[in-house]
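Reader: Could you take me on a close look at one part of this model, the packing between two of its helices, and then set that part in its surroundings? I would be glad of one connected walk through it.

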Amino acid sequence: MQSIRRCVAAGHQNPNIWIGVRNLSTSNAASLMKSVGSLLDSLALKPGGTLVQNCGDSEVGKIVIQLAKERKFQTISIIDDKPGTPEIIEELKALGGDIVVPESYTKTWYMKRLASEISPTAGLNFSDGYQATAVCKAVADGGTFLTYGKKLPKHVVYDGAVRKPVEWSAFIKEKKLKVLNL
């Protein structure tokens, strides 16, 4: 966990950190809280700012929600579509989550409208696949996208749209996102 804090504080990439979020949750709670706090500090959000994250129902996701509430950040948390989703949403809201949505919601125009109204300036990616794209699409132009030890997709796909898939690097450049790979 020390190497994570140093990496975030230094603001650069550390190729030795490729631990999945679920594996991270085996660390002791105090250490995990400090590490997640360092991640949030690296985003340079101010009170009232909004961040969007995936894996909101993981141990790390729950800590992000709690620390964000303490720091007066608004959160949008994306969770997997699975049995018990309504109960999970209520649990995360009880922890302080402002907006909690299943992955299927992120594929609708409602999510696009929500993101444009709230304009999250930071995104935390703890997952492979579509959820990484969903987080990145939700982050406002010029925001910060932090991905933690996950391989990003090669293309950004627009479901149900006439628009062709866009290469990930072109999408990032178009949105003028600051990308942090930890």
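Author: Happy to! Let us start with the residues that make the contact: from helix 3 come L32, M33, V36, G37 and L40, and they meet V60, I63, V64, L67 and A68 of helix 4. By class, this contact of helix 3 with helix 4 has nine nonpolar residues, one polar and no charged. Please keep in mind that the model is predicted.

Now for the geometry. Two packed helices are described by the angle between their axes and the distance between those axes. Helix 3 spans residues 29-42 and helix 4 spans residues 59-70; the two pack at an angle of about 65 degrees, and their axes are 10 Å apart. The crossing of helix 3 and helix 4 is right-handed.

Helix 4 has another partner to look at. Its axis and that of helix 5 (residues 85-95) come within 9 Å and cross at roughly 35 degrees. Here helix 4 contributes K62, I65, Q66 and K69, while helix 5 brings E91, L92 and L95. The residues of the contact of helix 4 with helix 5 divide into three nonpolar, one polar and three charged.

Follow the chain back from helix 4 and you come to the loop that joins strand 1 (50-54) to helix 4, where C55 lies. The backbone is worth a look at this residue: phi of C55 is near 55 degrees, a positive value in a residue other than glycine. Most residues other than glycine have a negative phi. C55 counts as buried because its relative accessibility is 8%, under the 20% cut-off.

C55 also leads us to strand 2, for it is one of the residues touched by I78, which lies in that strand (residues 74-79). Leaving aside residues up to four places away in sequence, I78 touches V52, Q53, N54, C55, G56, V101, E103, T106, M111, Q131, A134 and V135. With a relative accessible area of 0%, I78 is buried. The C-alpha atoms of I78 and D57 are separated by 8.2 Å, and these two residues are 21 residues apart along the chain.

One of the residues that I78 touches, T106, takes us on to the largest pocket, which holds about 640 Å³ of space. Its lining has 24 residues, and the closest to the pocket centre are T106, T108, K112, K137 and Y158. Helix 6 (109-118), helix 7 (130-138) and helix 8 (168-175) are the elements that give two or more residues to this lining. Helix 6 provides the largest share, five residues. By class, the lining of the largest pocket has twelve nonpolar, four polar and eight charged residues.

Just one more stop, in the loop between helix 6 and strand 4 (122-125), where S119 lies. S119 has a phi near 50 degrees, again a positive value in a residue other than glycine. S119 is partly exposed, with a relative accessible area of 35%, whereas C55 is buried.

Finally, let us step back to the whole protein. There are eight helices and eight strands in it, and buried residues make up 51% of its 182 residues. Of the contacts with a separation of 6 or more, 61% are between residues 24 or more positions apart.

Methods. Residues numbered from 1 in each chain as written. Predicted model: local features only at pLDDT ≥ 70, side-chain atom pairs only at ≥ 80, totals over all residues. Heavy atoms only, no water. Axes fitted to C-alpha atoms, helices over the stretch in contact; angles between N-to-C directions. Helix = DSSP H or I, 4+ residues; strand = E, 2+ residues; numbered from the N terminus. Left-handed = near helix turned anticlockwise from the far one by under 90°. Contact = heavy atoms within 4.5 Å. Nonpolar A, V, L, I, M, F, W, Y, C, P; charged D, E, K, R; others polar. 1 Å grid on protein atoms, 1.4 Å probe; cavity = no way out; pocket = protein on both sides within 12 Å on 5 of 7 lines; lining within 4 Å. Points joined across faces, edges and corners; volume = space filled by probe spheres on them. Buried < 20%, exposed > 50% of the residue type's maximum accessible area, 1.4 Å probe, protein only.
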